Amino acid sequence: MTNAADFLPSELGLEGLREAVEGCRGCELWACASRAVPGEGPPDAQVMLVGEQPGNEEDLTGRPFVGPAGRLLDRALAEVGLDRSEVYLTNVVKHFRSEPRGKRRIHKKPGDEHIEACRPWLEAEIAMVRPAVLVCLGATAAKALLGPEFRVSRERGAFVPSPLAPHVIATVHPSSVLRAPDEGRRRDAYARFVRDLGHVADRVRGLSELG
Ligand code: URA
Ligand code: SF4
């Protein structure tokens, strides 16, 4: 079966990866997307956040988390004292999966086959950045990285043992906050999201104090 491994450059490096992912044909998702959206951030970032897949604005700009969910994420990160520019942001799947709906393209969840096909890119990013803290944003990232049994609703906001990084934690996806059905619940969902990210910020600060 084809997957992204067939397109991975032998000479690794984040820049090489960014270029190579654009040419990936590891699954069929490239054909309907405008471009690939590689991860973005400092190569030595202490924190890596992993989302699901690019959305419409990410697909058009080629940058992760620049649409509505990304703006909410930026604001939540800033509230806990983390700047977007100091974290590495990426997604489980690098091409936007969508369905046409009139003139718009509606987000469609990636299938297990896309997640598996795309996994080599994410694994390469984790291996190169080697973040101290790895954050799964939402069920797709959590299940892809922590296993299909992982339940974000039950296990969010707590560090879990994982061979992927010294400190691994999951929380909800920022788009779930935007989807809360009314203003009150949106406010609560946002507060919980910020609280979870606060654990990430505390952990990072703890690490730098240890030196
Ligand atoms: N949602 C994601 O999971 N990733 C993005 O980059 C944007 C929205
Ligand atoms: Fe390759 Fe991933 Fe895009 Fe599929 S979604 S073509 S595996 S980069």
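A residue is called buried when its relative accessible area is under 20%, exposed when it is over 50%, and partly exposed in between (1.4 Å probe, protein chains only). By that yardstick Cys118 is buried, at 10% relative accessible area, whereas Cys32 is exposed, at 57%. The model is a predicted one, in which local features need pLDDT of at least 70 and side-chain atom pairs count only at pLDDT 80 or more, while totals for chains, interfaces and linings use all residues. Residues are numbered from 1 along each chain as its sequence is written, ligands are numbered from 1 in the order in which they are written, and side-chain values use heavy atoms, with hydrogens and water left out.

As for disulfides (pairs of cysteine sulfur atoms within 2.5 Å), the structure has 0. Cys32 cannot form one because the closest cysteine sulfur, that of Cys27, is 10 Å from its own, too far for a bond.

Cys27 and Cys118 turn up again around ligand 2, together with Val21, Cys24, Gly26, Trp30, Val93, Lys94, His95, Ala117 and Trp121; a residue makes this list if one of its heavy atoms lies within 4 Å of the ligand. Helix H4, residues 112-129, supplies the largest share of that shell, with 3 residues (a helix being a DSSP run of H or I, at least four residues, numbered from the N terminus).

Around ligand 1 sit Gly51, Glu52, Gln53, Glu58, Pro64, Phe65, Asn91 and His173. A polar side-chain atom of His173 lies 2.6 Å from a ligand 1 oxygen. Backbone N or O atoms also come in here: one of Glu52 is 2.7 Å from an oxygen of ligand 1, and one of Phe65 is 2.9 Å from an oxygen of ligand 1.

Note on methods:
Helices (H or I, at least four residues) and strands (E, at least two) are DSSP runs, numbered from the N terminus. A polar contact is a pair of N or O atoms within 3.5 Å; within protein, one must be able to donate a hydrogen and the other to accept it, and residues adjacent in sequence count only if both atoms are side-chain atoms.
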